[in-house]
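Subject: Structure for your files

Dear colleague,

Here is the structure I said I would pass on. My notes on it are below.

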Amino acid sequence: MQIITPGMRLVPEAVLANNAALFRTIPETPSHADTSLHRVVIVGGGAGGLELATRLGRKFGKRRLSVTLVDRNRTHIWKPLLHEVASGALSASNDAVEYIAHASRHHYRYRIGEVVGIDRSRRQVFVAPSFDDDGRQIIPPRDTLVLAVGSVSNDFGTPGAARHAIALDTAEQAARFNKRMIDACLRANAQYEQLSPSQLHCVIVGAGATGVELAAELHKSMREIASHNLDNIDFERLIRITLIEAGPRILPALPEHLARASARLLVDLGVQIRCGIRVTEVTGEGIKLGEKLFVPAELVVWSAGIKAPDFLKTLDGLETDRINRLVVDETLQARGDENVFAIGDCASCVLPGGGDPLPPRAQTAHQQADHLVKVIAARLEGRAAPAFRYRDFGSLVSLADYGSFGSLIGGLKIEGLLARLMYRSLYKLHLKAVHGLAKTTLDSIGEIVARRSRPRIKLH
């Protein structure tokens, strides 16, 4: 599988398929030039893609596989924690994984770039040019292609949503929201005139796990900011958070008892919850609900619904579902090509027995990455690929330091400290898969020590 990059900006899919001469091949490394190696290209360095590249690199990278990870970003942040980056509870710079260094340690190759198409007949992956902050082009970086490009927020074409609301799909978006939040607090504290109705009001559109957890984190963070000598206004009275959900209840994909417990806690914190109503427009001053109701807001976060990236729906004949996810079989092979696989949020996987596709959750991507290592090992040995078996380990919700709730295998309900520890352990398991046990343990100890000497939230 070749990775090639255009000498121009994005071009239509038809041009990608028919004008290979417009693209130049990335210089081969010695191992890439070794035709005896089975080549694996992984597109997307999220939870599933990074774990897969790491495991393949450790197991096969020195002898039987040439593994390449392609991602448009230089660093990785575990997506379930982006709401903590947005609130300032987590620092993207301190907790990010640098792909270049990580690839070197774990025997795979990293190439920067955004994949915009593939040519299955020529075994080529088309990568858009990447540019630095000064507008200069960065030179970006055979057998098996793995798509793990994750998902993005779905604004359902709501007028003004793309322009005025901030999604939390990337660390950059989360950091941008964090800066806006801090600036809003500083601006409100410095002005002498009466605050406008929208100031210090945050609206979160979508009450899934991200929206609910963000509401609690913002309640904590905005008051932490106010405690740093921002005493010219009454933050307890003026800071407002509203959670909007089109469905009948918050956390629609999780068990109802988790939704009830979370809703009670949020209401006790003063978060206003509006269910059963749709956002019809987002403006610079707030959001419109239904036909007549307007909610003024200085900050708007969009976390309602997901879809896979748009380029997948025209990806050289591969089958996709209504939200652009690649349809895969029980081995995670894309329908239409035995050499293309998909995992994580961009894969629509319905296991034998029917039902809905597997949920777009971190545990799904984690299990699929683990399974695909077995699939590729089977391909190397000429065996049939094993079928994927998903195991639902339950659901956990953490509302900052205010409370945590969970439902484990068999419907066992947990809450409080135990639920909080289990929630944090999910991230540690991801770090263990990416870094190994020794580094994860040392980093965890260092994090405990460093926490005593730095601010409780990010303030810049």
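The notes cover two sheets, a pair of helices and a cavity.

This is a predicted model, in which local features need pLDDT of at least 70 and side-chain atom pairs count only at pLDDT 80 or more, while totals for chains, interfaces and linings use all residues. Residues are numbered from 1 along each chain as its sequence is written, and side-chain values use heavy atoms, with hydrogens and water left out.

Sheets

One open sheet has 5 strands in the order β7-β4-β3-β12-β24, with parallel pairing. Helices (H or I, at least four residues) and strands (E, at least two) are DSSP runs numbered from the N terminus, and two strands pair if DSSP finds at least two bridges between them. At the edges of this sheet are β7 (109-112) and β24 (340-342), each paired on one side only. On average, neighbouring strands in the sheet are turned by 20 degrees against each other, direction ignored. Axes are lines fitted to C-alpha atoms, for helices over the stretch in contact, and angles run from 0 to 180 degrees between N-to-C directions. Within the sheet, β3 (residues 38-43) and β12 (residues 144-147) are joined in the parallel sense over 4 bridges; Ile 42 has Val 146 in β12 as its bridge partner. Helix α3 (residues 47-60) packs on the sheet and touches β3, β4 (65-71) and β12, its direction making about 160 degrees with that of β4. Contact means heavy atoms within 4.5 Å.

A further open sheet of 5 strands runs β14-β21-β15-β16-β17, again with parallel pairing. Its edges are β14 (166-167) and β17 (272-275); each has a single partner strand, so one side of each is left without a neighbour in the sheet. β14 pairs with β21 (residues 299-302) in the parallel sense over 2 bridges, and the bridge partner of Ile 166 in β21 is Val 301.

Helix pair

The axes of α3 and α12 (residues 362-380) come within 9 Å and cross at roughly 35 degrees. Residues of α3 in this contact include Leu 52 and Phe 60, and those of α12 include Leu 372 and Ile 376.

Cavity

The second largest cavity (on a 1 Å grid over the protein atoms alone, a set of points where a 1.4 Å probe fits but cannot get out; lining residues have an atom within 4 Å of a point) is lined by residues including Arg 325, Asp 345 and Arg 361.

Regards

Technical notes: On a 1 Å grid over the protein atoms alone, a cavity is a set of points where a 1.4 Å probe fits but cannot get out, and a pocket is an open set with protein on both sides within 12 Å along at least five of seven lines; lining residues have an atom within 4 Å of a point.
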